[in-house]
Amino acid sequence: WGRGDDGSVPPSGDGLEGALGEDAVRWQLLAWSQLFAAAFNIGALLAFVYLFVLSDLAFAWSTTLGIGAEQFGVIARTLSRPWRDLLPAAVPSPELVQATRFFRLNEGMLPDATGAFRAEPAALGQWWPFLLACMLCYGLLPRLLLLALALTRLRAQLRRAIVQTPGAAALLERMNAPLVETRSPQAETAGESEQARSEEHTSE
């Protein structure tokens, strides 16, 4: 192992490590990192589902930027574009955005909450489909796609490394060579075998 067909030792970098190269190492590290990130996102999703199923959550938004509810609603609807037609319930309505703006100062916590949002505080939990869809679309899905890409490229690099390993070509050629065997065109009977042995014994 590690020697060429002539028995010489290949220079450094021509063995299995050199055949793998930096590309395989990068794909391996990417696969590990995306596996960890996918597991983290799955844990976050499970924790989020647990919270909004078994507790009474009320969502609100706030920003120090000089934007109002209308501009924030445009941002939320833009983020919802990938699932807008498939899951319309996961797109926050302009009324929800307007009613759930949070203030800390004299105006009160939710001064714009009117109608059903003020009469039924549970309506403030209507943000959860949007948040869950964001976690799936922008959190878990990219991790799974990158993980699949990294594993596919890593397998390709490993197959290439096996073929490029010193001595692999000769080994594959021997393994793929046809098996040649010889035999008598007619099977010998027991009597013929005994007669052949008798003749051989007599000649001796």
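Me: Buried means under 20% relative accessible area, exposed means over 50%, and partly exposed lies in between, with a 1.4 Å probe and protein chains only. Is A31 buried or exposed?

Reply: A31 counts as buried, because its relative accessibility is 2%. Please note that this is a predicted model, in which local features need pLDDT of at least 70 and side-chain atom pairs count only at pLDDT 80 or more, while totals for chains, interfaces and linings use all residues. Residues are numbered from 1 along each chain as its sequence is written, and side-chain values use heavy atoms, leaving out hydrogens and water.

Me: What percentage of the 204 residues of the chain counts as buried?

Reply: The buried share is 25% of the 204 residues.

Me: How many helices and strands does the chain have?

Reply: Helices (H or I, at least four residues) and strands (E, at least two) are DSSP runs, numbered from the N terminus. This chain has seven helices and zero strands, and along the sequence its pattern reads α-α-α-α-α-α-α. A31 is found in helix α1, and so is F36.

Me: Which residues come with A31 and F36 in the C-alpha separations?

Reply: For A31 the partner is R143, 112 residues apart along the chain, and their C-alpha atoms are separated by 9.6 Å. For F36 the partner is L147, 111 residues apart along the chain, with a C-alpha separation of 9.8 Å. F36 counts as exposed, because its relative accessibility is 61%. In helix α2 there is R77, whose C-alpha atom is separated by 9.3 Å from that of P94, 17 residues apart along the chain. R77 counts as partly exposed at 31% relative accessibility.

Me: How is a pair of aromatic rings described?

Reply: It is described by the distance of the centres and the angle of the planes. Rings of Phe, Tyr and Trp (its six-membered ring) pair if their centres lie within 6.5 Å; planes under 30 degrees apart count as stacked, over 60 as edge-to-face and the rest as tilted. The structure holds eight aromatic pairs. One of them joins F72 and W127 edge-to-face, at 6.5 Å centre to centre and 65° between the planes.

Me: Which parts does the pair of F72 and W127 tie together?

Reply: F72 lies in helix α2 (residues 69–79) and W127 in the loop between α4 (116–119) and α5 (128–164), so the pair ties together parts 55 residues apart in sequence. W127 is buried, with a relative accessible area of 6%. Both residues belong to one aromatic cluster, formed by W61, F72, W83, W127, F130 and Y138.

Me: Which residues form the nonpolar patch on the surface?

Reply: Patches are made of residues with over 30% relative accessible area and no salt bridge; like charges are joined within 9 Å, and nonpolar side chains (Val, Leu, Ile, Met, Phe, Trp, Tyr) within 5 Å. A salt bridge is a side-chain nitrogen of Lys or Arg within 4 Å of a carboxyl oxygen of Asp or Glu. Accessible areas come from the Shrake-Rupley method with a 1.4 Å probe; for residues, only the protein chains shown count as cover. V49, Y50, L51, V53 and L54 form the nonpolar patch, with about 490 Å² of accessible area together. V49 has its place in helix α1 (residues 16–54) and is partly exposed, with a relative accessible area of 33%.
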